[in-house]
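Thank you all for coming. I would like to take you through one structure this morning, going from a single residue to a helix pair, then to a pocket, and ending with two loops.

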Amino acid sequence: TTGATADQMERVSASAKQLGADITLPAVSAGDAATTMVELAKAGLSVEQSIAGAKGVLQLAAAAQIDFAQASLLAASALNAFGLSGDQASHVADVFAGAANAAQGSIEDFALANQQVDAVARQVGISLEDTTALLAELAKNGLKGSDAGTSLRTALIRLIAPTQEARQL
């Protein structure tokens, strides 16, 4: 999947074994950690970024109660959209968890909402943290998940390229 060298594959293996033995990651095996790294690589992260991001993704999966592949996809999507390195995966998990604690919706809801808006948010210079905070405000008002992300994306696009009616005002 990654075209990794033998040396990189040894580091992946060692990291997977270490994560599988990490007592802060209950019910995570070395196989789960390796699968997570493969999924991160499939999402476009380098071998090094996949190794660095695996623990954060495993934490995200546990916190959101979702499978490792889905957590990999959600985290990698945010990392790629905002141009963050793989070692920021724990931070992404923390941002999503913080939003879920502050407003209605699950961690998965906020991750899915972010997938809808992240690229446009980055384009206009809004950070992951601020984007997620805006989504939390929408969730507090009953709009959550991909609906919130789509609504925020639409609003940002309209600010970037105002309609003819808005230009005339």
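Let me begin with D94, which is exposed, since its relative accessible area is 53% and the cut-off for that class is over 50%. Please keep in mind throughout that this is a predicted model. D94 sits in helix α5, which covers residues 89–102, and if you look across from there you will find G56, which is 38 residues away in sequence while the C-alpha to C-alpha distance is 8.7 Å.

Let me turn next to a helix pair. In general, the packing of two helices is described by the angle between their axes together with the distance between those axes. For α3 and α4, the latter being residues 68–81, the angle is about 115 degrees and the axes are 8 Å apart, and the crossing is right-handed. On the α3 side the contact is made by V57, L58, L60 and A61, and on the α4 side by F68, A71, S72, L74 and A75. Taken by residue class, this contact holds 8 nonpolar residues and 1 polar one, with no charged residue.

Now to the pocket. The largest one in the model has a volume of about 170 Å³, and the elements that each give two or more residues to its lining are α1 (6–21), α2 (30–42) and α3 (47–64). Which helix gives the largest share of that lining? It is α2, with 4 residues. Among the lining residues you can pick out T1, T2 and A4, then M9 and V12, then A34, M37, V38 and A41, and also V47 and S50. By class, the lining divides into 8 nonpolar and 3 polar residues, and no charged residue takes part.

Finally, I would ask you to look at the backbone in two loops. As a general point, most residues other than glycine have a negative phi. A27, in the loop between α1 and α2, is not a glycine and yet has a positive phi of about 65 degrees. The loop between α3 and α4 holds Q65, which is likewise not a glycine and has a positive phi of about 55 degrees. Are these two residues buried or exposed? A27 is exposed, because its relative accessible area is 78%, and Q65 also counts as exposed, because its relative accessibility is 72%.

Key. Residues numbered from 1 in each chain as written. Predicted model: local features only at pLDDT ≥ 70, side-chain atom pairs only at ≥ 80, totals over all residues. Heavy atoms only, no water. 1 Å grid on protein atoms, 1.4 Å probe; cavity = no way out; pocket = protein on both sides within 12 Å on 5 of 7 lines; lining within 4 Å. Points joined across faces, edges and corners; volume = space filled by probe spheres on them. Nonpolar A, V, L, I, M, F, W, Y, C, P; charged D, E, K, R; others polar. Buried < 20%, exposed > 50% of the residue type's maximum accessible area, 1.4 Å probe, protein only. Axes fitted to C-alpha atoms, helices over the stretch in contact; angles between N-to-C directions. Left-handed = near helix turned anticlockwise from the far one by under 90°. Contact = heavy atoms within 4.5 Å.
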